[in-house]
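Me: I would like to go through the cavities and two of the sheets in a structure. Please keep the replies short.

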Amino acid sequence: MTLQIKSFDEYKEVYKRSVEDPEGFWAEQASSFQWRKKWDKVLDWNFSEPNVNWFVGGKMNITENCLDRHLEERGDQVAILFEPNDPNEPAKEFTYKQLHAEVCKAANALRANGIEKGDRVCFYMPMVPELAIAVLACARIGAIHSVVFAGFSAQALADRINDASCKMVICSDYNNRGTKHIPVKKIVDDAMALGCDSIETILVHKNTGDSIEMVGGRDKWWHDEVEGQSTTCEAEEMDSEDMLFILYTSGSTGKPKGVVHTCGGYMVYTAFSFKNVFQYEEGDIYWCTADIGWITGHSYIVYGPLLAGATTVMFEGVPTYPDAGRFWQVCDKLKVNQFYTAPTAIRALMAQGDEWVEKYDLSSIKVLGSVGEPINEEAWEWYYDKVGKGNAPIVDTWWQTETGGIMISGLGSHSPMKPAHAGYPLPGIQPCLMDADGNELDGNDIEGLLCVKFPWPSMLRTTYGDHERCRLTYFSHFENKYFTGDGARRDADGMYRIIGRVDDVINVSGHRMGTAEVENAINEHPLVVESAVVGYPHDIKGQGIYAYVITSDPVDDEDVFRKELLKVVTKEIGPIAKPDKIQVVTGLPKTRSGKIMRRILRKVASGDTSNLGDTSTLLNPEIVEAIKSGALG
């Protein structure tokens with residue numbers, strides 16, 4: 001079984017061992033899985049090319065470890081618990097036996113449609129069990145899945161299909177999200193019209209049954225293809241370093257980067273991090289609210305939990321439908337033990353009032369998780385007090401699409417917590433802080449650029465079709481280091497606090513300030529729901545601070561409100577951090593994963609709105625015009 005740490009003292013001992021003998025440590029973790037052939041060498045690496053290989057020569061299939069090896073012991077245990085968009089519809093359950101059978105049927109259907117080992121399959125689907133089933137079916141036959149969040153535009157979808165030369169798209173007819181009825185297949189058709197010559201087949205899952213157009217010879221119904229297939233399917237033997245999936249992440253150049261993850265190392269690390277961060281125990285119900293279109297869904301809805309033999313919840317809906325108590329109603333109903341969500345969701349629900357949380361029994365929750373961005377202190381405190389009732393520890397997890405798994409975090413209740421601090425590195429993770437000149441900063445109570453100086457099993461191997469881009473983006477800034485792009489502070493106790501992206505650090509009169517830090521202070525004002533802070537060119541200070549602020553109620557006197565905010569920031573950080581400009585806005589430009597697109601805010605703040613770049617992948621592109629029209633000169 002995967003090692004599960006049970007105290008902070010044990011963590012310190014295990015961490016020391018993992019750094020002194022990383023190969024021995026990871027070989028031990030890997031030994032708890034089924035390998036068809038054991039590896040010849042644990043690790044072969046250099047960061048200059050970069051070239052990283054884990055469990056070299058090892059042969060396996062990740063789905064045999066997610067499914068087959070559990071059948072004897074927990075075949076009748078629920079593997080996936082599906083909670084539909086409509087709370088009046090019953091939840092669906094798939095036991096490990098049932099999930100195994102469905103994955104085999106889907107894998108046989110893919111093979112029958114010409115999908116072979118190494119082929120790329122693109123997904124554009126809602127959060128329904130068939131998405132998880134088909135993703136695992138790809139892995140079973142050695143096809144490479146590329147899941148695109150079913151909210152991206154047709155152009156964004158086409159770009160990703162073409163970059164990976166996908167052979168097949170798997171989608172749904174429509175997608176239900178809250179009160180929205182989204183024509184998913186229509187968007188796929190629009191993407192095809194833009195030119196996706198590599199696509200041979202589109203499989204359509206009948207999600208709502210509403211009418212759609214089907215193109216003869218190309219489009220097929222999922223149920224027709226899967227029905228009647230055998231419930232056994234020999235899993236393809238995969239090399240540890242064979243590609244498992246491609247997942248696209250926005251690049252600073254605008255062209256999406258296809259982050260590549262491979263089979264063996266990703267398997268070992270996601271299982272290890274899942275069990276330790278969430279302290280999952282036999283019989284627990286675990287719920288991550290992310291979408292499988294993002295890395296969080298890959299690692300901590302599908303692979304990590306299933307590798308650990310867990311019961312994982314899949315949720316189709318949104319946090320505010322039919323009302324702002326939906327998350328808590330599901331936690332109560334399913335008796336959720338571990339709950340993992342994003343600060344964006346926490347802040348949105350906090351603004352709706354405590355009564356929505358207080359209606360429900362949340363006593364089953366043992367661990368609360370946060371992911372996607374640093375969680376501000378006010379949201380942390382609310383989450384801990386109102387949702388966790390002061391009993392459930394918060395694991396504020398720091399990691400990236402590129403890292404494959406959680407890198408810095410608490411371990412359930414077995415490590416110290418501080419609001420807005422991610423905490424300590426997981427065993428096997430060797431972070432370091434660098435200055436701009438490439439010197440490693442020793443000791444505690446310091447701030448620098450967050451890098452990692454030794455490989456870990458689930459790290460990205462390349463960017464699909466463009467290895468040089470991978471080298472330039474992540475490995476060219478500092479010799480023999482993976483550069484995360486984040487700034488961080490290591491406090492007096494050695495705990496890490498993520499300040500934010502390096503381009504989200506403002507240098508005001510020689511003082512470096514993280515935007516998250518200023519936002520935390522602004523958010524202390526009782527009227528503020530959310531804020532975003534950026535730097536802009538300032539004649540005297542070098543950079544000034546421009547704050548965009550969303551309020552819970554209309555502001556009667558903006559001058560009085562601004563003065564109050566400046567007072568709060570002065571109190572929280574000091575006069576140096578006072579925003580020079582404060583614009584009250586009704587919304588912020590966000591990607592569909594809830595991240596604020598700061599490059600747009602920086603351009604507006606600097607007065608340069610001539611070219612704001614691609615805004616098609618925003619959740620709310622219309623907000624950009626409203627922000628531009630209200631910009632402060």
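Me: How many cavities of 30 Å³ or more does a search of the whole structure find?

Reply: This is a predicted model, in which local features need pLDDT of at least 70 and side-chain atom pairs count only at pLDDT 80 or more, while totals for chains, interfaces and linings use all residues. Residues are numbered from 1 along each chain as its sequence is written, and side-chain values use heavy atoms, with hydrogens and water left out. A cavity is a set of points, on a 1 Å grid over the protein atoms alone, where a 1.4 Å probe fits but cannot get out; points are joined across faces, edges and corners, and volume is the space filled by probe spheres set on them. With a cut-off of 30 Å³ or more, the number of cavities found is seven.

Me: Which strand gives the most to the lining of the largest cavity?

Reply: The largest cavity holds about 70 Å³ of space. Its lining (residues with an atom within 4 Å of a point) includes Ile394, Val395 and Asp396. Strands are DSSP runs of E, at least two residues long, numbered from the N terminus. The one giving the most, with three residues, is strand 20.

Me: Which strands stand at the edges of the sheet with the order 29-30-31?

Reply: This open sheet has three strands and mixed pairing, where two strands pair if DSSP finds at least two bridges between them. Each edge strand has a single partner strand, so one side is left without a neighbour in the sheet: these are strand 29 (528-538) and strand 31 (581-584).

Me: At about what angle does helix 18 run to strand 31?

Reply: Helices are DSSP runs of H or I, at least four residues long. Helix 18 (residues 558-572) lies across strand 29, strand 30 and strand 31. Axes are lines fitted to C-alpha atoms, for helices over the stretch in contact (heavy atoms within 4.5 Å), and angles run from 0 to 180 degrees between N-to-C directions. To strand 31, the angle is about 125°.

Me: Which residue in strand 5 is the bridge partner of Phe82?

Reply: Strand 5 (92-95) is an edge strand of the open sheet with the order 5-4-17-16-18-19-20. Strand 4 (residues 78-83) runs antiparallel to strand 5, and four bridges join them. In strand 5, the partner of Phe82 is Lys92.

Terms used: 1 Å grid on protein atoms, 1.4 Å probe; cavity = no way out; pocket = protein on both sides within 12 Å on 5 of 7 lines; lining within 4 Å.
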